[in-house]
Amino acid sequence: MDIEEMIRNRRAVFPKQMNGKKVPQQVLVTMLDLANWAPTHKRTEPWRFKVYTDNALVKLLDLTKVCYVKETPADKFNSVKLDKIEQRKTQVSHVIAICMKRDESQNPLPEFEEIASTSMAVQNMWLYLESTQKYGGYWSTPKYALGDDFRGFLGLQDEEKCLGLFYLGTIEAGLVKSEGKRGNWRDKVVFHS
Ligand SMILES: Cc1cc2nc3c(=O)[nH]c(=O)nc-3n(C[C@H](O)[C@H](O)[C@H](O)COP(=O)(O)O)c2cc1C
């Protein structure tokens with residue numbers, strides 16, 4: 001598969017599209033190594049990943065349930081949501097907390113540059129997964145993952161921030177991936193000459 005196909009065909013793969021089989025360690029390691037090659041201004045390399053599997057994954061998902069109950073107003077509460085989170089224990093292989101560590105130098109980079117760099121690291125992971133044709137994931141940004149309970153669970157330092165969770169898993173055999181949808185690129189580009 002060439003790079004053009006990989007970019008076009010990469011899709012978010014959701015837990016319900018995963019079969020619970022573990023992503024091999026070698027795939028995980030290659031994915032994280034490639035994330036580490038993201039562009040980075042002043043080489044601050046701000047991306048930080050905290051990888052959860054097995055018992056640690058169960059604990060993380062249990063915390064997401066607690067956060068959901070805590071943060072959802074009674075009139076919006078839906079127990080199906082809790083069931084869905086519970087099911088993830090048998091669908092997902094790893095959850096990776098996508099974190100960013102701020103530049104601590106005297107003249108630090110603007111935060112957006114470090115968020116941009118971390119996002120590019122995630123795109124490296126996502127494209128690599130597409131190249132395997134077997135493994136996939138998606139970036140989830142529930143409010144609670146960015147909140148204090150999660151900060152404590154992840155053991156984040158003051159200068160670290162969680163930007164969401166990357167659900168990683170083995171794609172269900174025979175899954176027809178959802179169709180990619182984007183508006184026309186021409187609507188987002190202005191040429192000057
Ligand atoms: C920063 C970021 C945050 C996202 N947060 C969520 C999320 O909270 N829930 C969700 O269902 N998808 C989330 N996504 C995944 C997008 O929904 C997904 O990429 C989008 O549907 C387009 O599909 P595609 O990536 O397969 O083309 C997020 C993606 C990005 C880049």
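This note comments on the sheet, the helix packing and the ligand surroundings of a predicted model.

1. The sheet. Four strands form an open sheet in the order 1-2-4-3, and their pairing is antiparallel. Strand 1 (47-52) and strand 3 lie at the edges, each pairing on one side only. From one strand to the next, the twist averages 25°.

2. The pairing of strand 3. Strand 3 is joined to strand 4 (residues 160-170) by six bridges in the antiparallel sense. Within strand 4, Leu165 is the residue that stands opposite Ser140.

3. The ligand shell. The ligand is surrounded by Arg11, Ala12, Tyr138, Trp139, Ser140, Thr141, Gly164 and Gly180. Strand 3 (residues 135-140) supplies three of these residues, the largest share of the shell. Sorted by class, the shell comprises three nonpolar, four polar and one charged residues. Ser140 therefore deserves attention on two counts, if a residue is taken as near the ligand when its C-beta atom, placed from the backbone, lies within 6 Å: Ser140 belongs to the residues around the ligand, and Ser140 also stands opposite Leu165 in strand 4.

4. Helix 5 and the sheet. Helix 5 (residues 111-132) lies across strand 1, strand 2 (94-101), strand 3 and strand 4. Relative to strand 3, helix 5 runs at about 155°.

5. Helix 2 against helix 5. Helix 5 also packs with helix 2 (residues 25-35), at an angle of about 140° and with the axes 8 Å apart. Helix 2 is therefore oblique to helix 5, and their crossing is right-handed. On the helix 2 side, the contact involves Val27, Thr30, Met31, Leu34 and Ala35. These meet Ala121, Val122, Asn124, Met125, Tyr128, Leu129 and Thr132 in helix 5. The contact residues divide into nine nonpolar, three polar and no charged.

6. Helix 3 against helix 4. The axes of helix 3 (residues 54-71) and helix 4 (residues 79-91) come within 9 Å and cross at roughly 175°. Helix 3 is therefore roughly antiparallel to helix 4. Val58, Leu61, Thr64, Lys65 and Tyr68 from helix 3 meet Lys81, Leu82, Ile85, Arg88 and Lys89 from helix 4. Here the contact residues comprise five nonpolar, one polar and four charged.

7. The two helix contacts by class. The contact of helix 2 with helix 5 has no charged residues, whereas the contact of helix 3 with helix 4 has four charged residues.

Conventions:
Residues numbered from 1 in each chain as written. Predicted model: local features only at pLDDT ≥ 70, side-chain atom pairs only at ≥ 80, totals over all residues. Nonpolar A, V, L, I, M, F, W, Y, C, P; charged D, E, K, R; others polar. Pairing = 2+ DSSP bridges. Axes fitted to C-alpha atoms, helices over the stretch in contact; angles between N-to-C directions. Contact = placed C-beta atoms within 7 Å. Parallel < 35°, antiparallel > 145°, perpendicular 65-115°, else oblique. Left-handed = near helix turned anticlockwise from the far one by under 90°.
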